[in-house]
Amino acid sequence: MDAIFDSFIIVSIIKALVIFAVLMTTLAYLQWVERKVIAHVQVRPGPYRVGPHGLLQPLADVIKLITKEDLVPPYVNKVFYLAAPFLAITMALLSISVIPFGPIITVGPVRTWMQMTDLNIGVLFVLAASSMGVYGIALAGWASNNKYSLLGGLRSSAQMISYELPMSLAIAAPLLISNTLSLRDLVETQAGGFWHWNLVGGGQVVSFIIFIIAAFAETNRVPFDLPEAENELVAGFHTEYSSMKFASFFMAEYANMITVSAMATLLFLGGWMAPWPVEYGSSFVPPLIFAFFGLVLLYHGKQAVRKWDKITFPAFGIIFLVIAAIFLIPMVQGWLLPLFWFLAKTGAILFVFIWIRATLPRFRYDQLMAFTWKGLFPVAMLNLLITAFLVALRTK
Amino acid sequence: MQLWLIPILPLAGFLINGIFGRRFPKSLVNVVAVGSVVLSFLWVVKTLLALGSLQEPHLEHYFTWIQSGTAGDPGFLQVNCDFMVDRLTAVFLLVVTGVGSLIHIYATGYMAHEGGYYRFFAYLNLFMFFMLVLVLGASFLLLFVGWEGVGLCSYLLIGFYFDKKFATDAGNKAFIVNRIGDFGFALAMFLIFRNFHSLEFVKALPQAATATEGTLAVIGLLLMVGACGKSAQIPLYVWLPDAMAGPTPVSALIHAATMVTAGVYMTARSNVIYHHAPGAAGVIAIIGIATAFMAATIGMAQNDIKKVFAYSTVSQLGYMFVGIGSGAYGAGVWHVVTHAFFKALLFLGAGSVIHALEGEQDMRHMGGLRKKIPITFWTMCCAWVAIAGIPPFSGFYSKDAILAAAYEHSPAIYWIGVITAGITAFYVSRAMFLTFFGEPRGHHHPHESPPVMWIPLAILGILSLTGGFLFNVPEYLKEIFPPIHEVENPTLVYISVAAGVLGIAIAYLMYMVKPGMADSIAGALKAPYQLIYNKYFVDELYDATIVKPVVAGSRVVLWKGVDAGLIDGTVNGVGARSRDVGSILRLLQSGNIRSYAAWVLAGGVALILVMGFTGGLR
Amino acid sequence: MLTAVPISWYLTLSAVLFALGVAGFLFRRNVITVFMSIELMLNAVNLSFVTFSYHNKTNDGHLFTFFVMVVAAAEAAVGLAIILTVFKNKGTLNIDEVDSMKN
Amino acid sequence: MDVILFLVFALIAVACAINVVVQTHPISSAISLVGVMGSLAILYLLLGAEFIAAAQVIVYAGAIMVLFVFVIMLLNAGAESRKGRSYTVQLIGVPLLIAFLGLLAFFVQGMSGRETVVFGGFQKGSPRDIGQALFTTYLLPFEVTSLLILIAIVGAIVLARKEID
């Protein structure tokens, strides 16, 4: 009893540490990716100076944020002002803990899931965490004792409550099909090719779209970033925040993005399941991709324009080729492939987030509300009803 | 077979028009009202075609409406919401929905300039619903539902012009008189349940053979009381003439074609009872012939065109009951059908005349309309020859069948019937001559009615010309009625036809050849003329013997004594006492919520104490 | 060192929370705070519901709790709307000044 | 383990509840109330009521209390004014409260004997079971509550809408 118990505790701690570390770096680099992508959408290089192609930019940002002066305006409500960013980042990270990245792996003596813990109410847990997330922003807005911040806080709380409904309804539809609330089982029910995914097999296109839209609003992303609309509210709820406290809001936003993207992957895109079974060679897709990029980099390295690239391109090319090679090792394939697919799907959705940000203008506030209450909500409700009806028919 | 659709369609029409009609444009109201009825007519046709020759009644069970007691014991009452179609029902369904549709179409033209348009059509649709329930219902109770429903609609529609005193009075009169009849009907139903332990036609009626003739006679007579109320027979006919206060389409649909024949339907439906209780049947025949004769004589002296046709309706209903009473149920129902055609036509034609003369109803101010409104004139001529019993038109066949049966029953009734036939021909001819021939006596500018009004007239005209030999109803209904041995007796036919022709001839003589002769005759026979002109003073008689005492009693005893003294006294006393108590309790109302909360908390503590120490918490 | 929690502790906790809710209702004069005290009492009751359903080994208590939540949501919506209206009309949130029902 | 968890979260709950009552500023009370609800959710988990725990967080903490916070911010309600407070209610209330709590605690101790709560001792709290009961045994109440919510929505809109004139 105790041995297992201890090992459980230890394993959990290790997993927590690993996930935390990975997540933090991902957050930092997601920022870099975003800037790069937007830059290329707008036909400009983006961050370029710090490191090759600005690869070290996040590092620089982190240092900048940490070393900045951390000032607390005198007229704020101290307790909540300090608590708000902490609350925001905590709630953002909390939901990661139930998200499964892959199947069981065996590391030395212990076999464990690539997931911190599996609740049989995992989905509800994520919903709960995200619904708590609003407090961070609302409190920040209120505690800053500044009318722009207050408006930002009000907007975000109203907006989050409003968009939670269609989101929940959109989540409910695939749950009906998979007939479980545990994220792990949810993925298991979608195994065996993309025609079993809830998006395709379940025909949940509508709820997928609704979910993505609501996710944009929940994470206060363009085109729903009313709470921090510069041209109306300076910087919205985090006007008064600086340095690490600002950074934690920042991280919270990106962590939420990752969470919702992961949720979308799990709910609709079959999680870590390959788009088609291994016997049809889905296992060769990742190595091919990496190999392709490696070769491309090598090729570019041959006629590089800047002198940096003469070193960096080939280096990265070789790294990619090595990764491609690793993918071919049978003993690691067991956990590497699922991880790849999960990350690929999540990354694709994240790319959509960034893409949209680079593309769409911002809503007007009344449009925002009318859109969810008069548009999304009824459609989601209808979709849920139809799905329930079909499921009932199928089980008959 | 989805029988339920037949009544549901008009009900839907009623609901739609009744709820949203106020906001609808007239065209939409028309579409809903007429459409629903026509649809249900089409559905009836489809259903009957699908059912083919109804050798066996087709029954549809929907749900158990009332259930009491345990199955098996005699007190076990189970009333299902069942619909039944046999040949009798089929005939009535066709008449009700068919004539109903025509009259709906007509009404869209007739009511075009009236207020409360949507209300009128909502009521009309509701009436259709109840009438169809009445004929479709497979048990006496369901029939009774429709029975009361049509009574209600008739009340509503008679009082349609509720801002006119006489209209509302007529409505009340109809309603109250019908209550008497319904009372009899209800008693009859109790007896039926008591003796046959069921109210379903298929269960109850076959047992009639087993019961004693006395019981059956009582049941039959009580049923006849109900029929008297609904179908305006002596002594309860007085409401029908006043019912003409309603709009003319209502008079045509409810008070000529369909509702008033409900009594005939009901008696024909329970023919087994009468078959085994000849005494009751005889009474019916006598009532029928008496009504027929009396109403016909009254009809001779009326000047309001609608009143004439109203009394004619009463008289024709009398004929039908003669048929029922003398065992010729088929003939009675046949007369219902033909009468529906020509009487509806007469009323609609009268309506068209009234419409043409901007509401003029007195025949003394009409005349010479033949040229002005030819279509109306020619269509009404069809009805004229039909009701006058001129062969080979519809009225002739049915009336003749009845009279033949009556002769078998008792020659006396036959002879009175023949005389009545003559009188009938006379007063209809009188009406026609006064209205359409001679010199215009009014100062109006008549205009022909729009097509939407005269097309139904034309259809009805064709039907009343050809209805007799097209639909041989008695042949169709032979199986379900007890057989009667008919003897071909040409002389009877000649006599009745002769009577009809004679009536027309006299009318022609009195109103065409020598106008004014009528007045001289009236002057010569002062007393009888006054008698029939004042409808035998029946209304006055009822007023003196029944109405006044009842009113007086209610005013003195019930109102002054019971209501004002007892009930109001009690209520006011209670009110006063509670006000006193409240004035004391009011002091608690500090308006401070927290003090209320404190009170609640105190209550909670007390509750816990009590429960705890009485062991309620263990 | 006892290894499991006596069920009475849960009930006592619920009682304490309820009493605190009542206290809030009695002693606070801000309408919103009073309203929140009501929510607190509801939560206390929910806790005892769930505890009792553990005691009875049925999940009826959970259902009751669920319904209480639903009703609480509806109540919050309407109540807060009322508070907004009161504030709009009277310009105060002090419950003692909202006594137009007096006498 | 159970005992520690229970004690920790029970203490948090009580502390937050006291905070709800003593804080003069509504928003502080609101946040403390959220704390109470969160810790209660944990206690529900201990009692094996997973669904209720989730619902507690989602509905109460995530929706209702957000609504409260929203309204408080909207009205920008300041701290409670100390002026003109009447002690009469306190005078009646305090002893009543003490009596109430004492009696309640006393009877509670008397009622439930030595039964103890062990984590995992109750398995019927999963969403599936709740759903089963909700749509079979409790179908009518469920429908009625749905109607109630509809009424509440309409009422709230009617109350809070601007007067159009």
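# A guided tour, starting at B:Phe127

Select B:Phe127 to begin: leaving aside residues up to four places away in sequence, B:Phe127 touches B:Val150, B:Cys153 and B:Ile254. Keep in mind as you go that this is a predicted model.

**Stop 1: the cores**

Now widen the selection around that phenylalanine. B:Phe127 belongs to the largest nonpolar core, which has 207 residues. Together with B:Met131, B:Val333, B:Ala344 and B:Leu345, B:Phe127 is one of the residues with the most contacts inside this core. Which element should you colour next? Helix 4 of chain B, residues 117-136, provides the largest share of the core, with 18 residues. Apart from this core lies another, of 188 residues. To find that other core, pick A:Ala138, A:Ala158, A:Phe268 and D:Ile130, which are among its members.

**Stop 2: helix 19 of chain B and its partner helix 14**

Next, select helix 14 (residues 305-325) and helix 19 (residues 411-436), both of chain B. Their axes are 11 Å apart, and the two helices pack at an angle of about 160°. Angles over 145 degrees count as roughly antiparallel, so helix 14 of chain B is roughly antiparallel to helix 19 of chain B. If you look along the crossing of these two helices, its hand is left-handed.

Show the side chains of the contact. From helix 14 of chain B, display B:Ile305, B:Val308, B:Ser312, B:Ser315 and B:Val322. From helix 19 of chain B, add B:Ile413, B:Gly417, B:Thr420, B:Thr424, B:Tyr427, B:Val428, B:Ala431 and B:Thr435. Colour by class and this contact of helix 14 with helix 19 of chain B divides into seven nonpolar, six polar and no charged residues.

**Stop 3: helix 19 of chain B again, now with helix 17**

Keep helix 19 of chain B on screen and bring in helix 17 of chain B. The axes of these two helices come within 9 Å and cross at roughly 165°. Helix 17 and helix 19 of chain B are therefore roughly antiparallel to each other, and helix 17 passes helix 19 in a left-handed crossing.

Which residues meet here? On helix 17 of chain B they are B:Phe377, B:Met380, B:Trp384 and B:Ile387. Facing them on helix 19 of chain B are B:Thr424, B:Val428, B:Ser429, B:Met432 and B:Phe436. You may recognise B:Thr424 and B:Val428, which also take part in the contact with helix 14 of chain B. By class, the contact of helix 17 with helix 19 of chain B has seven nonpolar, two polar and no charged residues.

**Stop 4: backbone details in the loops of chain B**

Most residues other than glycine have a negative phi, and most peptide bonds are trans. The next few selections are worth checking with that in mind.

Go to the loop between helix 8 (213-231) and helix 9 (239-242) of chain B, where B:Pro235 sits. A cis peptide bond joins B:Ile234 to B:Pro235, with omega about 5°. In this loop between helix 8 and helix 9 you will also find B:Ala232. B:Ala232 is not a glycine, yet has a positive phi of about 55°. Is B:Ala232 buried or exposed? B:Ala232 is buried, with 31 other C-beta atoms within 10 Å.

Then jump to the loop between helix 17 (374-387) and helix 18 (394-409) of chain B to see B:Pro392. A cis peptide bond with omega about 0° joins B:Pro391 and B:Pro392.

One more loop remains: the one between helix 6 (165-196) and helix 7 (201-204) of chain B, which holds B:His197. B:His197 has a positive phi of about 60° although it is not a glycine. With 16 other C-beta atoms within 10 Å, B:His197 is partly exposed.

**Stop 5: where chains meet**

Select chains C and D together. Their contact takes 63 residues from chain C and 72 residues from chain D. On the chain C side, strand 1 (5-6), helix 1 (7-27), helix 2 (31-56) and helix 3 (60-90) each supply at least two residues. Helix 3 of chain C gives the largest share of that side, 21 residues. By class, the side of chain C that touches chain D has 43 nonpolar, 16 polar and four charged residues.

Finally, keep chain D and swap chain C for chain A. This contact takes 17 residues from chain D and 19 residues from chain A. Helix 2 (26-46) and helix 3 (50-75) of chain D are the elements that give two or more residues to the chain D side. Helix 3 of chain D gives the most, with 13 residues. The side of chain D that touches chain A has 14 nonpolar, two polar and one charged residues.

Conventions:
Residues are numbered from 1 along each chain as its sequence is written. Chains are lettered from A and ligands numbered from 1 in the order in which they are written. This is a predicted model: local features need pLDDT of at least 70, side-chain atom pairs count only at pLDDT 80 or more; totals for chains, interfaces and linings use all residues. Two residues are in contact if their C-beta atoms, placed from the backbone, lie within 7 Å. Helices (H or I, at least four residues) and strands (E, at least two) are DSSP runs, numbered from the N terminus. Ala, Val, Leu, Ile, Met, Phe, Trp, Tyr, Cys and Pro count as nonpolar, Asp, Glu, Lys and Arg as charged, and the others, Gly among them, as polar. Axes are lines fitted to C-alpha atoms, for helices over the stretch in contact, and angles run from 0 to 180 degrees between N-to-C directions. Angles under 35 degrees count as roughly parallel, over 145 as roughly antiparallel, 65 to 115 as roughly perpendicular and the rest as oblique. A crossing is left-handed if the near helix is turned anticlockwise from the far one by less than a right angle, and right-handed if clockwise. A nonpolar core is a set of buried Ala, Val, Leu, Ile, Met, Phe, Trp, Tyr and Cys residues joined through C-beta atoms within 7 Å. A residue is buried if 20 or more other C-beta atoms lie within 10 Å of its own, exposed if 12 or fewer, and partly exposed in between; C-beta atoms are placed from the backbone.
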